[in-house]
Amino acid sequence: MRFTISQRFFFDAAHTLKREIEAEGSRRIHGHTYHAEVWLAGQRDPVTGMVVDLGVLRRRLGDVREQLDHHLLDDVAGLHPPTLENLCLFIADALPEFRPSLARVRVWREALGDSCTLEF
């Protein structure tokens, strides 16, 4: 049997973006509330009964959140340009210890209905 577990977090951040459509508003600094979810998949450990301790994952995601929350995403090293796709990659790359189990990373903006999912 293969299990999939997940943990969510959110962050508020500002950014700019060079785009062809909605160009003027996107180039100005503006902000969003972003939501992110990370899925890990694997076998259940027979001793602990867990794929991964969600408390450990939650703590690591807290570290990732600190790098993004209330920041100008344009200035976050390793993220530029701050697209939903690059946010997914940034979060995945920030979790190397979970890489063998990493199944999916999703980032979305609830208010706009936009989302991106990175699958492994």
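In this predicted model, the largest pocket has a lining of 15 residues, and those nearest its centre are H15, L17, R19, L84 and R109. Two elements, β2 (30-42) and α3 (84-93), each give two or more residues to that lining. The volume of the pocket comes to about 240 Å³. As for chemistry, the lining is a mix: 6 of its residues are nonpolar, 5 are polar and 4 are charged.

Stepping back to the whole chain, the protein has 3 helices and 4 strands. Read from the N terminus, the order of these elements is β-α-β-α-α-β-β. Along the principal axes, the C-alpha atoms fill a box of roughly 55 × 25 × 25 Å. Of the 120 residues in the protein, 40% are buried. Contacts across the sequence are well represented too: taking those between residues at least 6 apart, 60% join residues that are at least 24 apart.

The last two elements in that order are both strands, and they go together. Strand β3, residues 102-109, pairs with strand β4, residues 114-119, in the antiparallel sense, and 6 bridges link the two. One bridge puts V105 opposite L118 in β4. The pair makes a hairpin with 4 residues between the strands, and one residue in the turn, G113, has a positive phi of about 80°.

C116 gives a closer look at this part of the protein. This cysteine is found in strand β4, and it counts as buried because its relative accessibility is 14%, under the 20% cut-off. Leaving out neighbours within four places in sequence, C116 is in contact with V105, R106 and V107, and also with L84, E85 and C88. The first three of these contacts fall within the β3 range, 102-109, while L84, E85 and C88 sit within the range of α3, 84-93. So the buried side of the picture for C116 (14% relative accessibility) goes with contacts to residues from both of those stretches. The C-alpha atoms of C116 and L87 are 8.9 Å apart in space, with their positions 29 residues apart in sequence. L84 turns up twice here, once as a contact of C116 and once among the residues nearest the centre of the largest pocket.

At the other end of the chain, Q7 lies in strand β1, which covers residues 3-15. Despite its polar side chain, Q7 is classed as buried, because its relative accessibility is 15% and the limit for that class is 20%. The Q7 side chain makes a polar contact with the side chain of R58, at 3.4 Å. R58 is also one of the residues that Q7 touches beyond four places in sequence; the others are A36, E37, V38, L54, L57 and L61. Of these, A36, E37 and V38 fall within the β2 range, 30-42.

R2 makes a contrast with Q7. It is placed in the segment before β1, and it counts as exposed because its relative accessibility is 60%, over the 50% cut-off. Exposed or not, R2 still has partners from elsewhere in the sequence: setting aside neighbours within four places, it is in contact with A41, G42 and Q43. The C-alpha atoms of R2 and R44 lie 7.4 Å apart in space, although the two arginines are 42 residues apart in sequence.

Methods: Residues are numbered from 1 along each chain as its sequence is written. This is a predicted model: local features need pLDDT of at least 70, side-chain atom pairs count only at pLDDT 80 or more; totals for chains, interfaces and linings use all residues. Side-chain values use heavy atoms; hydrogens and water are left out. Two strands pair if DSSP finds at least two bridges between them. Buried means under 20% relative accessible area, exposed over 50%, partly exposed in between (1.4 Å probe, protein chains only). A polar contact is a pair of N or O atoms within 3.5 Å; within protein, one must be able to donate a hydrogen and the other to accept it, and residues adjacent in sequence count only if both atoms are side-chain atoms. Contact means heavy atoms within 4.5 Å. On a 1 Å grid over the protein atoms alone, a cavity is a set of points where a 1.4 Å probe fits but cannot get out, and a pocket is an open set with protein on both sides within 12 Å along at least five of seven lines; lining residues have an atom within 4 Å of a point. Grid points are joined across faces, edges and corners, and a volume is the space filled by probe spheres set on the points. Ala, Val, Leu, Ile, Met, Phe, Trp, Tyr, Cys and Pro count as nonpolar, Asp, Glu, Lys and Arg as charged, and the others, Gly among them, as polar.
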